[in-house]
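Reader: Could you take me on a close look at one part of this model? I'd like to know what the main nonpolar core is built from and how the pieces around it pack.

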Amino acid sequence: MRAIDDEAYARAVAVSVADRGPVSLTYLKHKLRQRGIPPELAQRVAGETLEETDVVETAVAFAAARLRSMSSQPPDVAARRIWAALARRGLDADTIRIVLDRITLGAGGLEESDGLEEVCDEHSS
């Protein structure tokens, strides 16, 4: 009976964490372990939860919302802050670069001349 309760709890926590923004497998496992979920169950539930999630699209929506809230910031500052927010959620440099590239498209976005490339290079090395 306890295993069923642990699994239901783990799934609820995983969905709750994933619903708040993009997360990596490592980040989600860590959050589950913080809540007392056994390592094997945390690994399985985190993996299953992220199978159902498009991390890049979730990260793009998260980053676009952050960018809108930073409209008064210089583009390089906004890019650094978005990079840091995504990195704290466990996303790797390649994924963050893809996200930043996607939010630069269209009017009002960041442009490489606005310091985006320097921010990406700074965090990639």
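Author: What follows starts at the core, goes through the helices around it, and ends with a few spots elsewhere in the chain.

Keep in mind that this is a predicted model. The largest nonpolar core in it has 17 residues. If you want to find its middle on screen, pick out I82, L86, I96, V99, L100 and I103, which have the most contacts inside this core. Three helices each give two or more residues to it: α4 (55-69), α5 (75-88) and α6 (93-103). The largest share, six residues, comes from α4.

V99 is a handy place to stand. Setting aside its neighbours within four places in sequence, V99 is in contact with V56, A59, V60, A63 and L86.

Now for the packing, beginning with α4 against α6. Their axes are 9 Å apart, and the two helices pack at an angle of about 55°. That angle is why α4 counts as oblique to α6. The crossing of this pair is right-handed. On the α4 side, the residues that meet α6 are V56, E57, A59, V60, A63, A64 and L67. Their partners in α6 are T95, I98, V99, R102 and I103. So it isn't just a list of aliphatic side chains: E57, T95 and R102 are included as well.

Next, α5 against α6. Here the axes come within 10 Å and cross at roughly 140°. You might be tempted to call that antiparallel, but the label needs an angle over 145 degrees, so α5 is oblique to α6. This crossing, too, is right-handed. From α5 the contact uses A79, I82, W83, L86 and A87. From α6 it uses A93, I96, R97, V99, L100 and I103. V99 and I103 are worth a second look, since they turn up in the contact with α5 and also in the one with α4.

The stretch joining α4 to α5 has something to show too. M70 sits in the loop between those two helices, yet M70 is buried, with a relative accessible area of 10%. What does M70 touch, not counting residues up to four places away in sequence? The answer is A78, R81 and I82. I82 is twelve residues along the chain from M70, and the C-alpha atoms of the two are separated by 9.6 Å. I82 is also one of the residues with the most contacts inside the core, so that loop residue touches a well-connected member of it.

Away from all this lies another core, of 15 residues, with A10, V13, L32 and L41 among them. L32 leads us to helix α2 (residues 25-34), whose buried residues are Y27, L28 and L32. These cover an arc of only 135° around the axis, which puts them on the same side of α2. On the other side, T26 and Q34 are exposed. After α2 comes G36, with a positive phi near 85°.

One last stop is D6, in helix α1 (residues 2-19). Is this acidic residue buried or exposed? D6 is buried, with a relative accessible area of 17%, so it falls below the 20% cut-off. Leaving out neighbours within four places in sequence, D6 is in contact with I37, P38 and L41. L41 is also one of the residues of that other core.

Terms used
Residues are numbered from 1 along each chain as its sequence is written. This is a predicted model: local features need pLDDT of at least 70, side-chain atom pairs count only at pLDDT 80 or more; totals for chains, interfaces and linings use all residues. Side-chain values use heavy atoms; hydrogens and water are left out. A nonpolar core is a set of buried Ala, Val, Leu, Ile, Met, Phe, Trp, Tyr and Cys residues joined through side-chain atoms within 4.5 Å. Buried means under 20% relative accessible area, exposed over 50%, partly exposed in between (1.4 Å probe, protein chains only). Helices (H or I, at least four residues) and strands (E, at least two) are DSSP runs, numbered from the N terminus. Contact means heavy atoms within 4.5 Å. The arc is that of the directions from the helix axis to the C-beta atoms. Axes are lines fitted to C-alpha atoms, for helices over the stretch in contact, and angles run from 0 to 180 degrees between N-to-C directions. Angles under 35 degrees count as roughly parallel, over 145 as roughly antiparallel, 65 to 115 as roughly perpendicular and the rest as oblique. A crossing is left-handed if the near helix is turned anticlockwise from the far one by less than a right angle, and right-handed if clockwise.
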